[in-house]
Amino acid sequence: MAQDATSPSRLRSNRATLPHKVGYALRHPARVAPYLRRAGRDAWLRLIHPDHVGYYRAVMASDTRRDPEAAVGSRSHDRWLALGAMQFDYLLEHGLRPGHRMLDIGCGNLRGGWRFIDYLDTGNYYGIDISPDILIAAKKTLAERGLQDKLPHLTITGDLTLDFLPDAHFDVVHAHSVFSHSPLEVIEECLAHVGRVLKPDGFFDFTFDRTEGTEHQVLREDFYYRTETLLAVARRHGLHGRFMEDWERRPHGQSKIRVSRSPVPR
Ligand SMILES: C[S@@+](CC[C@H](N)C(=O)[O-])C[C@H]1O[C@@H](n2cnc3c(N)ncnc32)[C@H](O)[C@@H]1O
């Protein structure tokens with residue numbers, strides 16, 4: 001959904017508060033029943049999966065059963081295509097080349113991934129995800145796009161320690177709309193380990209739902225962070241970080257941070 005990520009009211013609102021929820025319900029009465037159904041399902045899934053990854057994997061299984069494109073956050077096929085193109089065009093503008101090796105964390109059903117696979121040299125795309133259901137959908141996307149010869153790696157993961165990947169291997173690590181669904185400990189785990197798999201001049205781009213008010217979460221599905229919180233986590237793990245102003249101009253609704261082992265050239 002196209003949103004103005006820089007609108008001051010959006011950046012300050014706390015979606016977890018009762019006044020926000022009541023105001024939202026009054027403005028969008030048709031969304032109340034679907035929200036309540038989702039809240040009920042999520043409460044049940046949290047009960048049977050106390051750990052976040054187990055819980056979110058169950059959310060993805062349920063959402064993917066209905067519609068894999070909606071499960072990765074796209075309300076229509078056109079929007080799915082546009083969101084993938086936005087990710088791809090941005091990295092191309094930032095110097096992605098066919099010979100680069102890329103790790104796509106939370107690759108989903110290859111909304112952006114199929115374009116990267118098509119562009120990169122054979123075997124240079126590595127997609128990981130916590131959800132077996134969405135990885136099955138990813139393989140379907142791969143076949144539909146006729147990209148079998150590109151031999152991408154598509155791998156299930158249970159955490160973000162990246163311990164099965166080699167040192168200093170990737171030019172680009174990418175996580176699009178993943179930290180927007182992640183509690184801070186998951187983000188911290190990723191930032192604690194990503195430096196090891198990055199080449200010295202490589203970088204890691206991730207999007208996040210930004211707030212300039214109180215950090216909060218909704219249904220443990222959507223998490224809102226202040227930029228400084230995430231930059232501080234990166235610093236704690238010896239990474240340089242910067243807020244990507246040029247991403248704000250895209251009609252996406254999330255913000256983007258780039259981290260790297262050495263200071264990122266502007
Ligand atoms: C909103 S979708 C975005 C998918 C893809 N990056 C894209 O832009 O189309 C989020 C994806 O991240 C995956 N995910 C969520 N938490 C994760 C984690 N901790 N590690 C790896 N993948 C995760 C989900 O299973 C889902 O496929």
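In this predicted model, helices α4 and α8 (residues 132-144) pack against each other at an angle of about 40°, and their axes lie 7 Å apart. That angle falls outside the ranges for roughly parallel, antiparallel or perpendicular, so α4 counts as oblique to α8. On the α4 side, the residues that meet the partner helix are Met60, Ala61 and Thr64, and on the α8 side they are Asp133, Ile134 and Ala137. Sorted by class, this contact is made of four nonpolar residues, one polar and one charged.

Helix α4 turns up again around the ligand. The shell there has 24 residues, with Gly106, Gly108, Arg111, Ser131 and Ser177 the closest. Two elements, α4 (52-66) and β2 (125-129), each give two or more residues to this shell. The biggest share comes from α4, with three residues. As for character, the shell is a mix: 12 of its residues are nonpolar, 10 are polar and just two are charged.

Then there is the nonpolar core. In soluble globular proteins, nonpolar side chains tend to be buried together. Here the largest such core takes in 49 residues, and Met102, Ile105, Val173 and Val194 have the most contacts inside it. Val173 makes a handy example: setting aside neighbours within four places in sequence, it is in contact with Leu103, Ile105, Val194, Leu198 and Phe204. Two of these partners, Ile105 and Val194, are themselves among the residues with the most contacts inside the core.

Note on methods:
Residues numbered from 1 in each chain as written. Predicted model: local features only at pLDDT ≥ 70, side-chain atom pairs only at ≥ 80, totals over all residues. Core = buried A, V, L, I, M, F, W, Y, C linked by C-beta atoms within 7 Å. Buried ≥ 20, exposed ≤ 12 C-beta atoms within 10 Å, placed from the backbone. Contact = placed C-beta atoms within 7 Å. Near = placed C-beta within 6 Å. Helix = DSSP H or I, 4+ residues; strand = E, 2+ residues; numbered from the N terminus. Nonpolar A, V, L, I, M, F, W, Y, C, P; charged D, E, K, R; others polar. Axes fitted to C-alpha atoms, helices over the stretch in contact; angles between N-to-C directions. Parallel < 35°, antiparallel > 145°, perpendicular 65-115°, else oblique.
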